[in-house]
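Here is a friendly walk through one model, from a helix to its cysteines and on to the parts that call for caution. Keep the view open as you read.

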Amino acid sequence: MKRLSLILSLLFLAGTSHAQSLFADYLETDVPGEGKVSVERDARLDSLSGHRMNIGDDGNAKAIGYRIQVYAGNNTREAREKAQEAESCVRENFPDLPVYTFFKSPRWLCTAGDFLYYEEAYDAMRELKSKTSYNNMIILRNQEINISYQTGEEASM
């Protein structure tokens, strides 16, 4: 019984620290024309939440999350062209989904999306598979992803 209550307490603590960390990051974002908020907290709270975001001057944040690998080839010109074709296909079918094509030795890669949660990446991958001819997709973990913060005023524009 003591073990069960200890486990439940730890899960509750981790969940509340995650919400506090994300809310604190949101409060600390710099919005032109408004006041500046600084939240002092122990750095261990961020490590408990699992999502540490670094917010840049441009309003974009970097975090560790998930991306969908749409295509992976070798280091030939043909593989480069196929990676670019995969990028075009994803952009055509999903214009709001960010797509990244790059060479990471020894292969060409095409990845899509910036997802904080595995479930979001999985749902997007299923939709991508249903609307494209690329069926060998996988979800990549521990990827540095881009997150854009918008205030309510910017989001409604």
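In this predicted model, helix H4 has a side facing away from its buried residues, and there you will find the exposed residues Glu-119, Asp-123, Arg-126 and Ser-130. Turn the helix around and you meet its buried residues: Ala-121, Ala-124, Met-125 and Leu-128. Viewed down the axis of H4, these buried residues fall within an arc of 105°, so they line one face of the helix. The length of H4 fits as well: its 14 residues, 118–131, should span 20 Å at 1.5 Å a residue, and the end C-alpha atoms are 20 Å apart, which agrees.

Now for the cysteines. How many disulfides does the structure hold? The count is 0. Cys-89 is in no disulfide, and its nearest cysteine sulfur, that of Cys-110, lies 9.2 Å away. Looking from the other side, the sulfur of Cys-110 has its closest cysteine sulfur in Cys-89, and 9.2 Å is too far for a bond because a disulfide needs the sulfur atoms within 2.5 Å. Cys-110 also counts as buried, at 0% relative accessibility.

Finally, a word on confidence. The chain averages a pLDDT of 78, and 64% of the residues score at least 70. Two stretches fall below 50, as listed here with their contacts beyond near neighbours in sequence:

| Stretch | pLDDT | Contacts in the model |
|---|---|---|
| Residues 13–20 | below 50 | 7 contacts |
| Residues 151–157 | below 50 | 3 contacts |

Where pLDDT is low, the predicted coordinates should not be read in detail.

Terms used. Residues are numbered from 1 along each chain as its sequence is written. This is a predicted model: local features need pLDDT of at least 70, side-chain atom pairs count only at pLDDT 80 or more; totals for chains, interfaces and linings use all residues. Side-chain values use heavy atoms; hydrogens and water are left out. pLDDT is the predictor's confidence in each residue, from 0 to 100. Contact means heavy atoms within 4.5 Å. Buried means under 20% relative accessible area, exposed over 50%, partly exposed in between (1.4 Å probe, protein chains only). Helices (H or I, at least four residues) and strands (E, at least two) are DSSP runs, numbered from the N terminus. The expected span of a helix is 1.5 Å times one less than its number of residues. The arc is that of the directions from the helix axis to the C-beta atoms.
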